[in-house]
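Biologist: I am new to reading structures and would love a close look at one part of this one. Please choose a helix, explain the words as you go, and then show me how its neighbourhood fits in.

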Amino acid sequence: MRDLTAIAAALVAPGQGILAADESIATMSARLAAAGIEPTASSRLSYREMLVTTPALADGISGIILCGETFGQRLDNGTPFPAAIRRAGMLTGIKVDAGTRPLAGCPGETVTEGLDGLPPRLRDFARRGAAFAKWRAVLRIGPGTPSAMALRANAQALGRFAADCQHAGLVPIVEPEVLMDGSHSLAQCEAVTSLVLLEVTAALQDYGVAFEAMVLKPNMALPGAESAEQASPDQVAEATIASLASLPATLGGVAFLSGGQRPEQATANLAALNSPALNSPALNSPALNSPALGTPPLLLWPLTFSFGRALVAPALAAWPGTRAAQRAGQRALARRVAMNVAALQGRYASELELDAA
Ligand code: 13P
């Protein structure tokens, strides 16, 4: 029997985060095409091989999330991806949801599908080398959204997914994403994210999920991408930590998605989330930890990254698209990993970005 609590702890170990390289075939193909690379199964494979074989990646990356296509592919030397990732000292994750579909009765909203036949699929992935699995729900802030129905439907699916994972011997990465799209304020995003996490926590509890054997992957609280509001990293960190107030103390850890933030912005916000000032015992003392005072909650969980675009976008931009020319992409990925590790360890400053460039 696997020790899922130990796997969850390893995923959010100090100074480490998760690399999300699990874009669907359609999304990955669109990103390759936008970078001027022909979007074939072979170029998707070469791109993922470039990422996972980055030298010393395990220094800052605990686990890599793959999509089903990559999970079943082999590196040029014949090694299956899960085995290559394990040999490089990291854990393999698998995205198991089937993407979003319109939610009937809730115009403009979606529910994530993929629960049918999930338990045997999870057991199969576990047998083939997966240590953890991911499911992403998507909520949108707009007039009247997210609706109570969309919140409930998506939270229920996350609860079932997480319980099924733990029964199959996999650590669930529970990802309820409140999109950055829209013109909402930071305060609105904080309020909606709080509500979403409350609903998701209740569903996880209903399904008997062991919180210590899972990792939550939420969005940071941010002003909408079309909003004129500017939020400093400290403001983002404060709003984000407030949005986590309903999470149980026993949760294994929190690994944020990047959600379309610029890479440097995601790193600066992660650094603020891990800043000693925000997490100081004084700020988080029980006396101050009162909703009436509006102070941040006591922080009990590691806060790390599970970034997709904020880690890989510079690597894709730098990669010429061939197996023979991996180094430029790998250097760009290694640089972003190093910046985010610095953020976790309280060593990040924007000047570092200049030194590394
Ligand atoms: P981003 O960091 O690009 O938002 O991706 C994270 C992810 O795993 C989306 O499902």
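Modeller: A residue is called buried when its relative accessible area is under 20%, exposed when over 50%, and partly exposed in between, using a 1.4 Å probe and protein chains only. Please keep in mind that this is a predicted model, in which local features need pLDDT of at least 70, side-chain atom pairs count only at pLDDT 80 or more, and totals for chains, interfaces and linings use all residues. Residues are numbered from 1 along each chain as its sequence is written, and side-chain values use heavy atoms, leaving out hydrogens and water.

Let's choose H10, which spans residues 263-273. Its label comes from DSSP runs numbered from the N terminus: helices are H or I runs of at least four residues, and strands are E runs of at least two. Which of its residues are buried? They are Pro263, Ala266, Thr267, Asn269, Leu270, Ala271, Ala272 and Leu273. With eight of its 11 residues buried, H10 is largely enclosed by the rest of the structure.

One partner of H10 is H13 (residues 327-344): the two pack at about 20°, and their axes lie 7 Å apart. Here an axis is a line fitted to C-alpha atoms, for helices over the stretch in contact, and angles between N-to-C directions run from 0 to 180 degrees. H10 and H13 are therefore roughly parallel (under 35 degrees; over 145 is roughly antiparallel, 65 to 115 roughly perpendicular, and the rest oblique). Their crossing is right-handed, meaning that the near helix is turned clockwise from the far one by less than a right angle; anticlockwise would be left-handed.

At this meeting, H10 supplies Pro263, Glu264, Thr267, Leu270 and Ala271, while H13 supplies Arg336, Met339, Asn340, Ala343 and Leu344. Contact here means heavy atoms within 4.5 Å. Sorted by class, the contact of H10 with H13 has six nonpolar, two polar and two charged residues. Nonpolar covers Ala, Val, Leu, Ile, Met, Phe, Trp, Tyr, Cys and Pro; charged covers Asp, Glu, Lys and Arg; the others, Gly among them, are polar.

Now follow Leu270 and Leu344 one step further, to Thr304, which touches both of them. Thr304 sits in strand E10 (residues 303-307) and, at 2% relative accessibility, counts as buried. Leu344 is 40 residues away from Thr304 in sequence, yet their C-alpha atoms are 6.8 Å apart in space. Leaving aside residues up to four places away in sequence, Thr304 also touches Val12, Gln16, Gly17, Val254, Ala255 and Phe256.

For comparison, try helix H6 (residues 118-127), where Leu118, Leu122, Phe125 and Ala126 are buried. Seen down the helix axis, these buried residues fall within an arc of 100°, so they line one face of H6; the arc is taken from the directions from the axis to the C-beta atoms. Helix H4 (68-71), strand E3 (91-95), strand E6 (132-139) and helix H7 (148-168) are among the elements covering them. After H6 comes Gly129, with a positive phi near 115°.

Two last spots are worth finding on your screen. Most residues other than glycine have a negative phi, and most peptide bonds are trans. Ala56, in the loop between H3 and strand E2 (61-66), has a positive phi near 60°. The peptide bond from Thr145 to Pro146 is cis, with omega near 0°, and Pro146 lies in the loop between E6 and H7.
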